[in-house]
Amino acid sequence: MKTDNRISLHCAQSEVKEPNTFGFLSGVIALLPLLGGLCILLCSMLPSANVSWPMLFAVSVVCGTVLLLLYSGHLGGWILPCGCVLLTIVFVVLKQTVMAAAGTVMNDVTDALSHVTGRIYLDYPAADTAFAVLLPLLLLCALLAACAAAHGKLWPILPILLPVGIGGIMGLIPMGAGWLLLACGTVLLLGGCRARQMVSRLAVVLICTAMVLGIGALVNHRADTAWQGKLQADYHAMRYGRTEDSMPEGQLENLGPWEKNDTPALAVTMESPQKLYLRGSVWETYTGSSWEPLSAQTRSDDGDLFYWLHESDFFGQSQIALASTLTGTVKPAALHVETLGACRGHAYLPYALAGNETLDADVIGDAGAQNEATDYAYLPGSLPTWYALQHTLTSRQGESQIADYLTMERAYADYVYKADLQLTEESRAVIQRQLGELEDSYTLSEIQTMIRNYLGEKMRYDERVSTHLHGGDFLHDTLECSGSGYSVHYATTAVLMLRYFGVPARYVEGYYLSPTDAAKVKAGEEIALTGENAHAWAEYYLEGVGFVPFEVTPGYVDPEDLHAGGIDSNALGSSYHSEKLDYAVVEEPEPDPEGGQNGLHHFKAEHLPYLLLLPLLLFVAWIVGKRIRLTHMLRSFCRENDRQAVMDWYGYAIHLRKLCPVTLSDDSQAMLLNQEAQFSRHEITSGQRQQMEKYAQDTVTAVRQKGSFFQKLRWRWIDGIL
């Protein structure tokens, strides 16, 4: 006996097999954004190919369409294995050409990896173009994409999607329109599946993922600096463990009072106890609310330089020792540094480190160092010793070894002047207001004296001061609002002022052993450095010698350092010219007025959050449409006559019971009443109508009680039937 109604008949009709023509068209529709996204991503990842993505897209669409037609034939099951075999034969025959082109591709990948990690990667033997390997790769993409579109399944394209996804997560493939097209193509591809429930689940997962990524990217793009700093601090603590370091790790947004502690941080043993700076973290980029490392992308531009320097045993961390060894002025001493409660994410290295065994030669730059070594060799000394070394280099620069060293030093100094003179517009304006107009040039000694005099007159040492910027500039708050602070405030001010005068400088956090404390221990006796020894200071680049500390914090200034270099304290470069500097501004780049030759290639990463919000808007519109459809259907039951309303309410209840089988006490009565409404000529009363409506409402209640949380979530917000 027929019991189907309007709703159940609709569900049955959805199972009718789609015509082949419709399946082919749906496959082509899925192929277009899928191949378009892959072509854009391939061109952005492989710039050496020198091929425009529209040309690749045209070739791939033609190949994909032909393959899709072949898949729809009787021999469709043989297309994928035959295509793979054919590509393998082509690779074997053209092995040398393909391998040479593959070297170019690998060099593009390592270049991108260098931009992400800031490390040096050796080049592979390569041909002049990557097109010889790009074309087979494109044909493979078309082969797999056509297979996926023909069968309406995701697995054939996974060998392409997974590496691309991993490359995106690692930052090797830049964000852009290619990602959006690839996501759209994947969703359309899944829409061709016959397993409707699985499709809906996967589609929801994809949409929710895009929604989360879009919101996350948007929040990150407009995030408050304090939130970013807290997130970075939490990640650092999670990776390296909670530490007893009382320094802020470069985060200045919500800088509280200096909370000293007596928990052991480092255990130090010295062969010759003396004043000691142990550099933990070195920061180069000032944002106004934090100190950040120089980006890996910026450092990667000088990968060739540091490959040459490191191959020649020139490292920034050991530059002083290298110069001293060439002049034969000082002998190395042993130093043991064991990390206890200090942050294990940094290596705590002395100035004038002797030997490069503990340093990573593949790292571009010298601001950050990580190692697990505990025993070092270094050259004892301080500023007077290093200034004397500078004068020795000047007097002996005609010697071949020293001339070779100075050639490398000059190349390294060019990098330093490019990397360590950055100022924000706000910080530059603050210093200009405080120091007034500058003359043409100053000696290093004059610059140091001016900075020390200013801080001595305008700043007050206070370990209890707190800083809450609320989007403002740390230097402005320190110099023009509070006028007080401790080592973090003094070091930040000194670094920015040195840069303002044209002296390359960096902000450093680490541990400091004073001459007084060093005099209390014997040679070989262990010294426990605690949170009270944690310290922040500035360091500047001394021409010919390397980075040396510049101490300005009251209570830490050693009298012997005040006039270490004499009146003219820069023998290899007598003056600094601040007006010739190109100050880097931390702000968004100006848009391209011409728009470029191709808008997709000029797609900016900050636009991505807004594009990723599009799936969210479509998802919300879909939900609203489902809810409106359900409301309209239920209201239509009220407008029907009693007989039709009985059948409609029963059909709605049966549809719910198919999703979640439930048993009610009046099931048999409802079934008989529905049969009576369909097949008898008896009059259906309003009471019977109300009885069936109550049965449907009881069914809704029972389904809600029995269904799981995720089932109810899907029925209400995805299927729109509850």
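The largest cavity has a volume of about 160 Å³, and this is where the tour begins. Select Tyr277, Gly381, Ser382, Trp386 and Pro549: of the 18 residues that line the largest cavity, these are the closest to its centre. The model is predicted, and the cavity is computed from its atoms.

Next, colour strand S3 (276-283), helix H14 (383-395) and strand S16 (546-550), each of which supplies at least two residues of the lining. Colouring the lining by residue class gives eleven nonpolar, three polar and four charged residues. If you want to look for others, the count comes to six cavities of 30 Å³ or more.

Stay with S3 and S16 and bring up the sheet they belong to. Five strands make an open sheet in the order S7-S3-S13-S15-S16, with antiparallel pairing. Strand S7 (349-350) and S16 stand at the edges; each has a single partner strand, so one side of each is left without a neighbour in the sheet.

For the pairing at the S16 edge, select strand S15 (residues 534-542). S15 and S16 run antiparallel and are joined by five bridges. Pick Tyr540 to find one bridge partner in S16, which is Val548.

Now add helix H15 (residues 400-419). H15 lies across strand S13 (505-513), S15 and S16. Relative to S15, the helix runs at about 120°.

Move on to the second sheet. Here five strands form an open sheet with antiparallel pairing, in the order S8-S9-S6-S2-S14. Its edges are strand S8 (353-354) and strand S14 (526-530), each with a single partner strand, so one side of each is left without a neighbour in the sheet.

At the S8 edge, select S8 together with strand S9 (residues 375-378). The two pair in the antiparallel sense over two bridges. Leu353 stands opposite Tyr378 in S9.

The last stop is an aromatic pair. A search of the whole structure finds 23 aromatic pairs, among them the one formed by Trp258 and Tyr486. Display both side chains: the ring centres are 6.3 Å apart and the planes are at 20°, so the pair is stacked. Trp258 lies in the loop between strand S1 (254-255) and strand S2 (264-270), and Tyr486 in the loop between strand S12 (484-485) and helix H19 (487-501), so the pair ties together parts that are 228 residues apart in sequence.

Notes:
Residues are numbered from 1 along each chain as its sequence is written. This is a predicted model: local features need pLDDT of at least 70, side-chain atom pairs count only at pLDDT 80 or more; totals for chains, interfaces and linings use all residues. Side-chain values use heavy atoms; hydrogens and water are left out. On a 1 Å grid over the protein atoms alone, a cavity is a set of points where a 1.4 Å probe fits but cannot get out, and a pocket is an open set with protein on both sides within 12 Å along at least five of seven lines; lining residues have an atom within 4 Å of a point. Grid points are joined across faces, edges and corners, and a volume is the space filled by probe spheres set on the points. Helices (H or I, at least four residues) and strands (E, at least two) are DSSP runs, numbered from the N terminus. Ala, Val, Leu, Ile, Met, Phe, Trp, Tyr, Cys and Pro count as nonpolar, Asp, Glu, Lys and Arg as charged, and the others, Gly among them, as polar. Two strands pair if DSSP finds at least two bridges between them. Contact means heavy atoms within 4.5 Å. Axes are lines fitted to C-alpha atoms, for helices over the stretch in contact, and angles run from 0 to 180 degrees between N-to-C directions. Rings of Phe, Tyr and Trp (its six-membered ring) pair if their centres lie within 6.5 Å; planes under 30 degrees apart count as stacked, over 60 as edge-to-face and the rest as tilted.
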